[in-house]
Amino acid sequence: MSKLNACFFYGRQSPFGMAHLKPISEHFNIQAIIVPSETRIKRFVTSLLGKDYYEKISTKKQIKNLLKKFIPQIIIEHKRVRQIRNRIHEVIGNDNIPILICDDVNSNLFIQDIKKHMSTDSYMLVAAYPQIFKREILDIFQDRAINFHPSLLPKYRGAHPHFWTIVNGEKETGLSAHYMTEGIDDGNIIAQQKILMPETYSELYDLIIKEIPIFFQKFVENLTERKVSIPQDDCDATYYRNDRAIHRKINWDFELEKIYNLCRTEYAFCFFRSRKMVIKKSSISKTNRNITNNLEVQKGVIVDCVIDALVVKTNGGFLQIEKMEMDNKIFNANRWINIYNPIVGERLT
């Protein structure tokens with residue numbers, strides 16, 4: 001059986017996106033690979049952070065840009081294409097696939113460009129691309145635009161679902177392939193695969209990457225056998241935006257389990273003596289430590305410093321911080337305690 005044709009859109013800074021390249025190359029004839037420009041990535045990142053993107057360009061720089069015109073940009077883009085091509089060659093052993101660096105997939109200019117590379121039966125395959133696709137580009141692929149998403153849709157539509165599944169204490173997550181619409185992650189499901197939740201974010205991400213080739217086989221079988229896609233039930237849908245600092249900051253008034261789940265993401269942080277501490281590993285204490293006689297202790301207070309953990313009072317129990325990042329260095333608890341000399345009774349904020 002001959003391979004299906006496809007144009008692959010992926011976020012070149014995303015391991016999740018890149019992990020689809022090899023399985024796609026095994027089952028599809030890749031006609032073009034589309035990656036976002038630096039400007040597109042900056043716009044996407046700043047929008048996720050809740051900001052408007054704009055470039056601050058001085059008058060001097062504007063004049064300089066006019067004088068140099070397109071030459072520097074051409075050099076930069078050629079270098080970038082060469083780097084991307086080398087990476088693609090490492091993964092699939094093919095460096096002849098056309099690579100398009102795109103600032104706006106919805107622009108008429110890009111739509112005309114992609115038409116030169118695709119055929120009438122081409123699929124659009126998308127993984128972690130940092131832009132919402134509008135009707136104009138979806139229409140040229142007709143009903144063959146497909147997105148790969150790291151959650152069990154319709155739950156956890158939107159950005160960074162693997163972070164939110166851990167924060168919410170889910171027991172399982174998974175992978176979904178769905179047809180694309182103008183909505184976000186709401187098209188009919190082609191294939192899904194469940195993944196049991198590991199302990200930490202990094203373990204989950206590694207597991208997702210490992211499962212992609214297995215899941216992709218299932219997806220291709222459903223696609224080629226023309227199995228009926230399943231509409232998503234919007235009543236079960238949940239939607240999340242990208243996590244920001246406000247979501248990662250520990251509130252010591254929260255219940256212990258909620259704080260612990262946040263720490264499992266390896267992004268949770270608090271402050272010790274006004275210095276940021278990111279918690280990389282923690283556990284729930286099984287004992288009451290040295291709090292006796294129903295002594296009331298403020299939440300966030302250090303109640304014990306032991307050889308393997310810094311123990312902190314929370315709402316409903318005690319959190320043992322076993323590994324942390326501070327001043328751009330990673331410490332186990334014992335080393336951190338020896339360096340920073342915390343005092344029992346001090347409070348993390």
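This passage describes the fold, the nonpolar cores and one surface patch of a predicted model.

The protein chain has 349 residues, and 48% of them count as buried. Its secondary structure comprises twelve helices and 15 strands. Long-range pairing is frequent in the contact list: among contacts between residues at least 6 apart in sequence, 68% join residues at least 24 apart. The accessible surface of the chain comes to about 18,800 Å². Carbon and sulfur atoms account for 51% of that surface.

In soluble globular proteins, nonpolar side chains tend to be buried together. In this model, the largest nonpolar core holds 68 residues. Six of its residues touch the most other members: Phe28, Leu125, Phe148, Phe219, Met277 and Trp336. Helix α9, residues 201-224, supplies the largest share of this core, with ten residues. A second core is separate and has 21 residues. Ile111, Val126, Phe133 and Ile137 are among them.

Trp336 illustrates the contacts of one residue of the largest core. Leaving aside residues up to four places away in sequence, Trp336 touches Phe272, Met277, Leu310, Met324, Met326 and Phe331. Asn341 and Pro342 are also touched by Trp336.

Nonpolar residues also occur on the surface. Ile132, Ile184 and Tyr239 form a nonpolar patch there, with about 290 Å² of accessible area together. Ile184 lies in the loop between β7 (172-179) and β8 (189-196). Its relative accessibility is 33%, so Ile184 counts as partly exposed. The limits for that class are 20% and 50%.

How values were computed: Residues are numbered from 1 along each chain as its sequence is written. This is a predicted model: local features need pLDDT of at least 70, side-chain atom pairs count only at pLDDT 80 or more; totals for chains, interfaces and linings use all residues. Side-chain values use heavy atoms; hydrogens and water are left out. Helices (H or I, at least four residues) and strands (E, at least two) are DSSP runs, numbered from the N terminus. Buried means under 20% relative accessible area, exposed over 50%, partly exposed in between (1.4 Å probe, protein chains only). Contact means heavy atoms within 4.5 Å. Accessible areas come from the Shrake-Rupley method with a 1.4 Å probe; for residues, only the protein chains shown count as cover. A nonpolar core is a set of buried Ala, Val, Leu, Ile, Met, Phe, Trp, Tyr and Cys residues joined through side-chain atoms within 4.5 Å. Patches are made of residues with over 30% relative accessible area and no salt bridge: like charges are joined within 9 Å, nonpolar side chains (Val, Leu, Ile, Met, Phe, Trp, Tyr) within 5 Å. A salt bridge is a side-chain nitrogen of Lys or Arg within 4 Å of a carboxyl oxygen of Asp or Glu.
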